[in-house]
Amino acid sequence: MKLVRFGTQGNEKPGIIDTNGNIRDVSSIAPDWTPEWLSDEKLATLKQLNLDTFPIVDANQRFGTPVAGVRQLVAIGLNYGEHAREAGMELPKEPVVFLKAITSLSGPNDDIVLPPDSVATDWELELGFVIGKTAKNVPQAEALDYVAGYCLANDVSERHWQLQRNGQWGKGKSFDTFGPIGPWLVTKDELTDPQNVQFSLKVNDEVMQSANTSDMIFPVAEIVAYVSQFMTLLPGDVVITGTPAGVGGGMKPPKFLKKGDVVTLESDVLGQQKQVVV
């Protein structure tokens, strides 16, 4: 299934994409895609719905984040070898983990708002996943059972705040609008292998990043098992898994986002995002 939330900011309703690509409004049976709706039992119930009986939504509706009630936004850094090399950093021996503020989350097509005086705001194409049940000290062999589904993510990053302001990376990654996810959450029954997802990112129609998640240093299952050793992952938590090579900060000379730029993320299974920089 593909779960979506549609409507104006703060007034989103839950929907499901049917086999013809239509958005079906299922708010008559679910108030929102909150954490309790991400359990295996609830998702199995949703899968049995006859979507033809639910209203079709105007395709021009705004998409919100595909899940509501997110309590933690966890990020993995330097998870593709070529990206680590372009950043001038050694390949990590264990996953690099940091947190983004949940207030950075935004809809997949919402504007990216440049921080005041920013000259180093960058893009980062990433695979995201959402936790479906409480994960604590999870064995790697069972880790994917704790995932509800997957989504596109853009880990927007202000490099000056991230690297030169004497603090953890979260400083440069937590501005409002710096966490677009969606357009939908693809449930794990529909995306059974998260390590075989092809995706790309363009800025103004120029391809900057193109990769496959098979190139990850630490795959999704290992990330879930690793993170769950030192923090409890809760239903609805979002984890983004690192970016491949091709970020603006790795170019010579560096190239960063400016007002008017259009950032487009695409994947056959995960859908498309398009953000205007303002």
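**Figure 1. Strand E1, residues 2-6, in the predicted model.** Side chains leave E1 in two directions. Lys2, Val4 and Phe6 point one way. Leu3 and Arg5 point the other way. This fits a general pattern: in a regular strand, side chains alternate between the two faces of the sheet. Both sets in E1 are buried. Because 5 of the 5 residues of E1 are buried, the strand is largely enclosed by the rest of the structure.

**Figure 2. The pairing partners of E1 are E13 and E2.** Strand E13 covers residues 185-187 and runs antiparallel to E1. The two are joined by 2 bridges. Leu3 has Leu185 as its bridge partner in E13. E2 also pairs with E1 in the antiparallel sense, here over 4 bridges. Arg5 stands opposite Pro14 of E2. E1 and E2 form a hairpin, with 6 residues between the strands. Gly7 lies in the turn and has a positive phi of about 125°.

**Figure 3. An open sheet of 10 strands with mixed pairing.** The strand order is E4-E3-E2-E1-E13-E10-E9-E16-E5-E6. E4 (56-57) and E6 are the edge strands, and each pairs on one side only. Helix H5 packs on this sheet. H5 touches E5, E6, E9, E10 and E16. The direction of H5 makes about 60° with that of E9. Strand E2 (residues 13-17) pairs with E3 in the antiparallel sense, over 3 bridges. Ile17 stands opposite Ile23 in E3.

**Figure 4. Arg24 in strand E3, residues 23-25.** Is Arg24 buried or exposed? Arg24 is buried, because its relative accessible area is 8%, below the 20% limit for that class. The side chain of Arg24 makes a polar contact of 2.9 Å with the side chain of Asp18. Beyond its neighbours within four places in sequence, Arg24 contacts Pro14, Gly15, Ile16 and Asp18, among others. Its contacts also include Leu51, Asp52, Phe54, Pro55, Ile56 and Val57.

**Figure 5. Helix H5, residues 220-230, is mostly covered.** Of the 11 residues in H5, 8 are buried. Val220, Ala221, Ile223 and Val224 are among them. Ala225, Tyr226, Val227 and Ser228 are buried too. An α-helix has 3.6 residues a turn, so residues three or four places apart point the same way. Which strands do the buried residues of H5 pack against? They pack against E5 (73-77), E6 (96-100), E9 (125-131), E10 (147-154) and E16 (238-240).

**Figure 6. Phe98 in strand E6.** Phe98 counts as buried because its relative accessibility is 9%. Val74 is 24 residues away from Phe98 along the chain. Even so, their C-alpha atoms are separated by 6.2 Å. Leaving out residues up to four places away in sequence, Phe98 touches Leu73, Val74, Ala75, Ile76 and Gly77, among others. Its contacts also include Asp155, Trp169 and Lys173.

**Figure 7. An open sheet of 4 strands with antiparallel pairing.** The order is E15-E14-E17-E18. Why is one side of E15 and of E18 left without a neighbour in the sheet? E15 (206-212) and E18 stand at the edges and have a single partner strand each, so no strand of the sheet flanks the other side. Neighbouring strands are turned by 10° against each other on average, direction ignored. E14 (residues 198-203) pairs with E15 in the antiparallel sense over 6 bridges. At one of these positions, Leu201 has Gln209 of E15 as its bridge partner.

**Figure 8. Gln273 in strand E18, residues 271-276.** Gln273 is buried, because its relative accessible area is 0%. A polar atom of the Gln273 side chain lies 3.1 Å from the backbone oxygen of Gly182. Setting aside neighbours within four places in sequence, Gln273 contacts residues including Pro108, Asn109, Leu152, Ala153 and Asn154. Pro180, Ile181 and Gly182 are also in contact with Gln273. So are Val263, Thr264 and Leu265.

Technical notes. Residues numbered from 1 in each chain as written. Predicted model: local features only at pLDDT ≥ 70, side-chain atom pairs only at ≥ 80, totals over all residues. Heavy atoms only, no water. Buried < 20%, exposed > 50% of the residue type's maximum accessible area, 1.4 Å probe, protein only. Polar contact = N/O pair within 3.5 Å; in protein donor to acceptor, adjacent residues only side chain to side chain. Contact = heavy atoms within 4.5 Å. Pairing = 2+ DSSP bridges. Axes fitted to C-alpha atoms, helices over the stretch in contact; angles between N-to-C directions.
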